[in-house]
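The following account leads the reader through an enclosed space and then through one helix and its surroundings.

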Amino acid sequence: MAPLTDALKPADTLEPADTLEPAVHRGQILSFVADPGDGANADSYRYFADGALIVEGGRIAAIGPAEPILAQIPKGTPVADHGRNLLMPGFIDTHTHYVQSDVIGAGGRHLLDWLQDYTFVEERRFYDAQHAAQVAEFFLDELARNGITTALVFCSVHPASVDAFFEAADRRQLRMIAGKVLMDRNAPPDLCDSPAMADRESRTLLERWHGRGRLHYAITPRFAPTSSQAQLQAAGQLARDFPDAFIHSHLAENRDEIAWVRSLFPDSRSYLDVYDRHGLLRDRAVYAHCIYLGADDRRRMAQSGAAAAFCPTSNLYLGSGLFDIAAADAAGMRFSIATDVGGGSSFSMLRTFDEARKVARLQGQDLHPLRAFYLATLGAARCLKLEDRVGTLDAGTEADFIVLDLRSTELIARRTAAARSLSDVLRILMTLGDDRAIKATYILGRRVHGSPAAMQAPTNTQRVSS
C-alpha cells in the first residue's frame, strides 16, 4: 500500500478519485445501519471506540475495529490517526437554498412577506452568472466547513444559477442535487417564467447535468401558489420523462400559505393533493416542512415514497409551526433533518439538531441523539434513494466522511470527557456544537476542509496518538 498524504488541495486541482493512493484512518467510528428510534436498538448502528477504515479509489474498502483492520495493511504503512475524535459519514442536507445564502437573518413577520421583501429581491441577482458563481463557491465552502457533503439545493429561476452551482460542485467532485425553480405566477414578473419556458429550460439543464459526475437534477416547482395548473402539468410530464430525476418543493409550511393554496386549487382535496394530481409524488420526491398535514396526507406521502424535510430553524425563525415527529412515525412517513438556508438560521447541522430536539420537546416528544445523527446521514440518504452511495461507511460506498472534534471548545472537551456513553457524546455535540466541531471534511477520501490528522507509521497495532 502506497504512502498516505493528507494535503488540502484547491478544488480546481483535484485528481480523479480512482487515481488516489489507498488511505487508512483511525479513530472512534460511527455508522448507522437502521433508524435508532428512541435509541434502544443497539443493532441500528456500528460503533468502534478504536476503529479504522481503509479508503481505496474514493470508496470505503474496509471498516472495523482498529486491530484487525491495521493487521491487513503492510507493516509501516502510515495511518491518519484522529485520536479521540469521531469519524462518521458526512451530513446530508435534504433542503437548502444556495441563492438565499445572503438572506440569513433577514427580517419578515412570516413566510409570505419574507419571500416578497427579502427572498425575491435577492434571487433577482442570479441572472448574473458571475454573481451566481461567486455565491455558489461561498455556499459550497460553507457546506464543507459544516461537514455537509451532499445537499438537495434550490437554485433560482435563472438557468445561469443552475449552471454556476453545478459547475462549482462538479469541479469539487461533490454528490449534489439541484434544479431551476419553476415559477410562473404570484411572483415579481422578472422572476417568472412560463410553462413552455420552464419545460424547455429544465429539459436542457436535465440533459446537461443529470448524471454527470456525481450530480443529479431536481425538478423544482417553488411551491404550488407560484405555479399555474399548466406549469404543474409540465413539471409532472418532466417527472414522467425523467423517472430517475428528483422532485423538490415546499409543502404545508404556513397556515396562510395553506389558505392561499385552497383558494387557488379549489378542486384539490388538500395541499398535498395538488402535487399528487400532477404526478409529483414518488420516490426521490422531497417536500420541505410538511407541518400542517392530516393523517391521510401523511399516509399518502408514505405510500408514494415521497419524503419530508424537517426544517426546524426556519420553522422557528419564521414562526411557521412545529413538525410532528410522532405523527410522521405513526404514518410511516419518511423524513430527514434539513437546514433550509436562508429561512434557516445556520449552515450547521449540529445547531439544526438542537433546534429539532426543542421542536420535539415543545410537543411532549423527544429526538434521541442517535436518531438525530441518523436522520442527517443514512436516514437522509434513504429519503433520497442514495443509500447505496452515501450516508454510510459500509464497504463499497463513497468515502465522504467527517471528523467531529470532541475538544473543539473548552466546554465540549469538559463535557465529553465526563460522558458515560456514545449517546451522551452525541447529545453534547448537538447541544453545544457548531462549525468549530467539524475537525475535517473528506470527499471521496480527500480532505477538503479542516486540519490534517497526525500521520503515524506504526510497526504494530499499538495506539501511537491520542
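In this predicted model, the largest cavity holds about 120 Å³ of space. Its lining comprises 14 residues, and those closest to the centre are Leu111, Trp114, Leu115, His250 and Glu253. Two elements, β5 (91-97) and α2 (111-123), each give two or more residues to this lining. Of the elements, α2 gives the most, with 3 residues. Sorted by class, the lining of the largest cavity has 5 nonpolar, 5 polar and 4 charged residues. When cavities of 30 Å³ or more are counted, the total is 1.

Attention now turns to helix α9, which spans residues 295-304. Which residues of this helix are buried? They are Asp297, Arg298, Met301 and Ser304. In a view down the axis of α9, these buried residues fall within an arc of 130°, and they therefore line one face of the helix.

The partners of the buried residues can be located next. The buried residues of α9 pack against two strands, β10 (246-251) and β12 (307-310), and against two helices, α8 (271-277) and α11 (325-331). Contact here means heavy atoms within 4.5 Å.

The end of the helix can be followed into the chain beyond. Ser304, one of the buried residues, belongs to α9, and just after the helix Gly305 takes a positive phi of about 95°. The strand β12 (307-310) is among the elements against which the buried residues of α9 pack.

Note on methods:
Residues are numbered from 1 along each chain as its sequence is written. This is a predicted model: local features need pLDDT of at least 70, side-chain atom pairs count only at pLDDT 80 or more; totals for chains, interfaces and linings use all residues. Side-chain values use heavy atoms; hydrogens and water are left out. Buried means under 20% relative accessible area, exposed over 50%, partly exposed in between (1.4 Å probe, protein chains only). Helices (H or I, at least four residues) and strands (E, at least two) are DSSP runs, numbered from the N terminus. The arc is that of the directions from the helix axis to the C-beta atoms. On a 1 Å grid over the protein atoms alone, a cavity is a set of points where a 1.4 Å probe fits but cannot get out, and a pocket is an open set with protein on both sides within 12 Å along at least five of seven lines; lining residues have an atom within 4 Å of a point. Grid points are joined across faces, edges and corners, and a volume is the space filled by probe spheres set on the points. Ala, Val, Leu, Ile, Met, Phe, Trp, Tyr, Cys and Pro count as nonpolar, Asp, Glu, Lys and Arg as charged, and the others, Gly among them, as polar.
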